[in-house]
Amino acid sequence: MQRIARHRTFSGALLLSLGTALVPTAGAQAMVSGTIFTCTDNQGRKLTSDRLIADCIGREQRVLNRDGSVQRIIAPTMTADERADFEAREQRRNAEAKAQQEAIRRDRNLVQRFPNENMHTKAREAALDDVRKSVQTTESRLKTLATERKPLMEEAEFYVGRKMPAQLRQQLDANDAATEAQKSLVQNQQSEIGRINALYDSELARLKKLWAGAPAGSLGPVPMASASAPAPSTASPIKAAAKK
């Protein structure tokens, strides 16, 4: 019985020893699986594991193949401030790229619409034509108001030093208000003519460079309010003022 007990004890110890020898370490598991994580911590120690290394979360980690070659590099985990700065930079880069693509698109459309200066000049004249006609209409209305005012003023001379009849006073006041409205409208129309010319001048300067061979999108952002865009309508204010 003692011999059997000793045999069992020896066999168990042998199995335990063999089992311990066969249990792979973390590094051995990594070598078997083919994935090895390695890094250098903030104390200068080189660490190796079969998974992401917690002590190197804020540091670069390398993933190695079984032969020791670099499979990929894992960037350090960012802090909240670092993440905010990174996202802000990305947003700026994306905005700049989008603006560049928009400039390229608009430059190409501009050259396609105006292949030469003659066509651009015709477009300018067409844009100015409506506003000029509006100016003529307003100036004609001013002349009519001045003609209507003349007999009213002649009648008002009979009441110098006396109380003017209410109806005559109302007619003069209405004429004054309509005249002021038309004068203001003319000023707006003249400003619109200046705006259109300035936009077409800027557009022509850009076109000359594009016609000369400048690549689309190489001249910087295109002004959002370009001459090619429809000009603000002045029809409604004109009609409203003309009724006064």
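Colleague: Let's start with the open sheet: what is the order of its four strands?

Modeller: Keep in mind that this is a predicted model. The order in the open sheet is β2-β1-β3-β4, and the pairing is antiparallel.

Colleague: Which strands are the edge strands?

Modeller: Look for strands that pair on one side only; here they are β2 (46-49) and β4 (70-74).

Colleague: And how much are neighbouring strands of this sheet turned against each other?

Modeller: On average by 25°, if you ignore direction.

Colleague: Okay, now the pairs themselves. How many bridges are there between β1 and β3?

Modeller: Three bridges, in the antiparallel sense, link β1 (residues 36-40) with β3 (residues 61-64). You can find partners across the pair: I36 sits opposite L64 in β3, and F37 sits opposite V63 in β3.

Colleague: What about β3 and β4: how many bridges join them?

Modeller: Four, and those two strands also run antiparallel. Try R62, which has I73 of β4 opposite. The hairpin of β3 and β4 has five residues between the strands, and G68 there takes a positive phi near 95°.

Colleague: Let's move on to helices. How are two packed helices described?

Modeller: The general idea is that you give the angle between their axes and the distance between the axes. In this structure, α4 (residues 117-156) and α5 (residues 166-211) pack at about 165°, and their axes are 9 Å apart. An angle over 145 degrees counts as roughly antiparallel, so α4 is roughly antiparallel to α5.

Colleague: Is the crossing of α4 and α5 left-handed or right-handed?

Modeller: Left-handed. As for the residues in the contact of α4 with α5, 21 are nonpolar, ten are polar and 14 are charged.

Colleague: Which residue of α4 could I look at?

Modeller: Try L145, which lies in helix α4.

Colleague: Does L145 count as buried or exposed, and why?

Modeller: Buried means under 20% relative accessible area. L145 counts as buried because its relative accessibility is 3%. You can also compare sequence and space: L145 and A174 are 29 residues apart along the sequence, and their C-alpha atoms are 10.0 Å apart.

Colleague: Last one: how far does α5 reach from its first C-alpha to its last?

Modeller: It has 46 residues and reaches 67 Å, close to the 68 Å expected at 1.5 Å a residue. After α5 comes G213, with a positive phi near 115°.

Methods:
Residues numbered from 1 in each chain as written. Predicted model: local features only at pLDDT ≥ 70, side-chain atom pairs only at ≥ 80, totals over all residues. Heavy atoms only, no water. Axes fitted to C-alpha atoms, helices over the stretch in contact; angles between N-to-C directions. Parallel < 35°, antiparallel > 145°, perpendicular 65-115°, else oblique. Left-handed = near helix turned anticlockwise from the far one by under 90°. Nonpolar A, V, L, I, M, F, W, Y, C, P; charged D, E, K, R; others polar. Pairing = 2+ DSSP bridges. Expected span 1.5 Å × (residues − 1). Buried < 20%, exposed > 50% of the residue type's maximum accessible area, 1.4 Å probe, protein only.
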